[in-house]
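Here is a guided walk through one protein chain, written for someone meeting it for the first time. Keep the picture open beside the text and look up each residue as it comes along.

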Amino acid sequence: EFLEIINLICKQETPMGTEYVPIVSMQDSIDLNRLDSLGMIIFFVWLAELFQIDDDEINIFIAAEDYTVMALKAFVLERCAKSFTMEEFKELAKQCM
């Protein structure tokens with residue numbers, strides 16, 4: 001489910017005119033080859049908001065420069081203040097995205 005959440009956010013933030021290629025592996029990276037610089041910023045804003053992670057904590061993850069989905073999931077699980085079901089996420093995504 002985490003991979004599905006990441007794909008939904010990335011697809012939303014993919015630059016206009018660019019076809020989104022879904023992430024299929026936890027070893028894949030979320031980087032400037034997938035999103036432009038604005039998309040990367042917004043991606044991390046979404047993550048902080050969705051999982052209620054403090055901006056300073058997000059900056060720690062960004063500084064580590066390991067943007068694999070696996071590293072991101074471990075980071076989120078350690079720091080998330082909120083969890084939700086996939087259905088709750090999809091409903092939130094409809095409202096916000």
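**A walk through the chain**

Let us begin at Pro22, which sits in the loop between helix 1 (2–13) and helix 2 (37–51). Please keep in mind that this is a predicted model. Is Pro22 buried or exposed, or partly exposed? With a relative accessible area of 47%, Pro22 is partly exposed, because that class covers the values between the buried limit of 20% and the exposed limit of 50%. Which residues touch Pro22, once its neighbours within four places in sequence are left aside? They are Asn7 and Arg34.

Two distances help to place Pro22. Lys11 is eleven residues from Pro22 in sequence, and their C-alpha atoms are 7.7 Å apart in space. Asp36 is 14 residues from Pro22 in sequence, and here the C-alpha atoms are 15 Å apart. Lys11 itself belongs to helix 1. Its relative accessible area is 56%, so Lys11 is exposed.

Stay in the loop between helix 1 and helix 2 a little longer, and you will find Asp28 there as well. Asp28 has a relative accessible area of 24%, and so it is partly exposed. Setting aside its neighbours within four places in sequence, Asp28 is in contact with Ile23, Tyr67, Thr68 and Val69. Val69 is also where helix 4 (residues 69–79) begins. For a long view, turn from Asp28 to Lys90: the two are 62 residues apart in sequence, with 22 Å between their C-alpha atoms.

Now step back and look at the chain as a whole. How many helices and how many strands does the protein chain have? It has five helices and zero strands, so the pattern along the sequence reads α-α-α-α-α. The C-alpha atoms fill a box of roughly 35 × 30 × 25 Å along the principal axes. The radius of gyration of the protein chain is 13 Å, which agrees with the value near 13 Å that a compact globule of 97 residues would have.

What about the contacts and the surface? Among contacts in the protein chain with a separation of 6 or more, 62% are between residues 24 or more positions apart. Buried residues make up 37% of the 97 residues. The accessible surface comes to about 6000 Å², and carbon and sulfur atoms hold 52% of that surface.

Charges are the next stop. The protein chain carries 7 positive and 18 negative charges, and the mean positions of the two sets are 7 Å apart. How many salt bridges does the structure hold? There are two. In one of them, Arg79 pairs with Glu57, and their closest N and O atoms are 2.4 Å apart. This pair links distant parts of the chain, since Arg79 lies in helix 4 (residues 69–79) and Glu57 in helix 3 (residues 55–64), 22 residues apart. In the other, Glu78 pairs with Arg79, with 3.1 Å between the closest N and O atoms. Glu57, Glu78 and Arg79 are thus linked in a network of salt bridges.

How open are these three residues to the outside? Arg79 has 27% relative accessibility and therefore counts as partly exposed. Glu57, at 28% relative accessibility, counts as partly exposed too. Glu78 has a relative accessible area of 61%, so Glu78 is exposed.

Finally, visit two loops where the backbone is worth a look. In the loop between helix 2 and helix 3 you will meet Gln52. Its phi is near 50°, a positive value in a residue other than glycine. Gln52 has a relative accessible area of 46%, so it is partly exposed. Further along, Glu65 lies in the loop between helix 3 and helix 4. Glu65 also has a positive phi, of about 60°, although it is not a glycine. Is Glu65 buried or exposed? With a relative accessible area of 64%, Glu65 is exposed.

Terms used: Residues numbered from 1 in each chain as written. Predicted model: local features only at pLDDT ≥ 70, side-chain atom pairs only at ≥ 80, totals over all residues. Heavy atoms only, no water. Helix = DSSP H or I, 4+ residues; strand = E, 2+ residues; numbered from the N terminus. Rg over C-alpha atoms; globule rule 2.2 N^0.38 Å. Buried < 20%, exposed > 50% of the residue type's maximum accessible area, 1.4 Å probe, protein only. Contact = heavy atoms within 4.5 Å. Areas by Shrake-Rupley, 256 points an atom, 1.4 Å probe, with all protein chains shown as cover. Lys, Arg positive; Asp, Glu negative; His and termini not counted. Charge placed at Lys NZ, Arg CZ, Asp CG, Glu CD. Salt bridge = Lys/Arg side-chain N within 4 Å of Asp/Glu carboxyl O.
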